Amino acid sequence: RQRQMCIRDSHGTHTAGIASAVTNNINGVAGTSWNATIMGVCASDETSDRVIAYGFEGIVYAAENGADIISCSWGSLGGYSYFEQEVINYATSLGCIVIAAAGNNSTDQSHYPSSYKNALSIAGTNVDDERYGSTNYGKDVDLAAPAVSIYSSFSDNTYGYATGTSMSAPMVSGAAGLVKTLNPDWNGLQIGEQVRVTVDPITGEFGTLGRGRLNVYRAVSESSPSIRLTDYAFLDESGNGTIEPGERVNVYITVKNYLELATNVQLTLSSNDPYVTISQSEISVSSITTLESVEPEVPYICDIAENAPSNHVIEFVLEISTNEYNDVDYLDMTVLPGYLN
């Protein structure tokens, strides 16, 4: 019972130790970073234990006061908030990377703040390098890190074990600190992408646990492109802004390369949905330089089935490949007869 209380009261201390406990002092544990500076931000409720009441205000505070990496071992399932997304975007614009636990609900539903665009979502793995039983998963996840029985600092100069994606997120945050030290001129999104593209694959989990499990050594020793879908738009055949059954739709995309030069880039759009046929699915780009955004003039061409139901969401997968790099991203199209933008 006392141990459970210790875990409950020491959540922030435990996660801070995972990210940046002092190394080489023959005491306790070693954080994944090396002598990084921790900025403790109190975002909790004044009267309730383990309740985050001011999380997004905390993100703003950290970003405006010099943080490079913002580690969020909190969140919940729920609805999308434009305000909260703008907070993440604001922190990103200041050069930060927001790294957030994917949550422990055993679901592929969206979880916030980890599911927001520009946040790096971290799922959990177990001691056998497999999916941790309670971790959230799915297309919102970027990568995974160990989550089970993680030993770290507690309050009152003690140490102990805790489990959950709350432990996975600071492990990645510490690694991000090492990458930032090696590349001080990189912005936060570049730091996050370097950690994401250098993971080790997890058999059978590509796309459910992001690209794979964190590999800190690869993150600080390898280079790679990292091409992400940053925007997309639909142009329906009638031009009225409504995607309707029986209509042809052009899909335009924007992709950005955050890291090393990419050459011979192939962008392939696919879907398993029975209500769409993709007649033009391949786009080629000769090269994309570091931090370059590309908007191919040629669209993908999709035909919506005549019997597509109203309010039906069509999910697409964008496969991104070069000679040395492969990745996927996702986009959705909603069939909404009678709906006007």
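**A tour from helix α2 to Asn215**

Begin by selecting helix α2, residues 11-20, whose buried residues are His14, Thr15, Gly17, Ile18, Ala19 and Ser20. The model on display is a predicted one. Next, add the elements that cover these buried residues of α2: among them are β7 (150-154), β8 (158-162) and α5.

Keep α5, residues 165-182, in view and select α6 as well. Residues 188-197 form α6. Two packed helices are described by the angle between their axes and the distance between the axes. Here the axes of α5 and α6 come within 9 Å and cross at roughly 115°. The two helices, α5 and α6, are therefore roughly perpendicular to each other, and the crossing in which α5 passes α6 is right-handed.

To examine the place where these helices meet, display side chains. On α5, select Val172, Ala175, Ala176, Val179 and Lys180; they meet Ile191, Gln194 and Val195 of α6. Sorted by class, this contact of α5 with α6 comprises 6 nonpolar, 1 polar and 1 charged residues.

The last stop lies in the loop between α6 and α7 (216-221), where Asn215 is to be selected. Is Asn215 buried or exposed? Asn215 counts as buried because its relative accessibility is 16%, and the cut-off for buried is under 20%. Now show the residues around Asn215: with residues up to four places away in sequence set aside, Asn215 touches Thr198, Val199 and Asp200. Finally, display Tyr217, whose backbone nitrogen is reached by the side chain of Asn215 at 3.1 Å.

Note on methods
Residues are numbered from 1 along each chain as its sequence is written. This is a predicted model: local features need pLDDT of at least 70, side-chain atom pairs count only at pLDDT 80 or more; totals for chains, interfaces and linings use all residues. Side-chain values use heavy atoms; hydrogens and water are left out. Helices (H or I, at least four residues) and strands (E, at least two) are DSSP runs, numbered from the N terminus. Buried means under 20% relative accessible area, exposed over 50%, partly exposed in between (1.4 Å probe, protein chains only). A polar contact is a pair of N or O atoms within 3.5 Å; within protein, one must be able to donate a hydrogen and the other to accept it, and residues adjacent in sequence count only if both atoms are side-chain atoms. Contact means heavy atoms within 4.5 Å. Axes are lines fitted to C-alpha atoms, for helices over the stretch in contact, and angles run from 0 to 180 degrees between N-to-C directions. Angles under 35 degrees count as roughly parallel, over 145 as roughly antiparallel, 65 to 115 as roughly perpendicular and the rest as oblique. A crossing is left-handed if the near helix is turned anticlockwise from the far one by less than a right angle, and right-handed if clockwise. Ala, Val, Leu, Ile, Met, Phe, Trp, Tyr, Cys and Pro count as nonpolar, Asp, Glu, Lys and Arg as charged, and the others, Gly among them, as polar.
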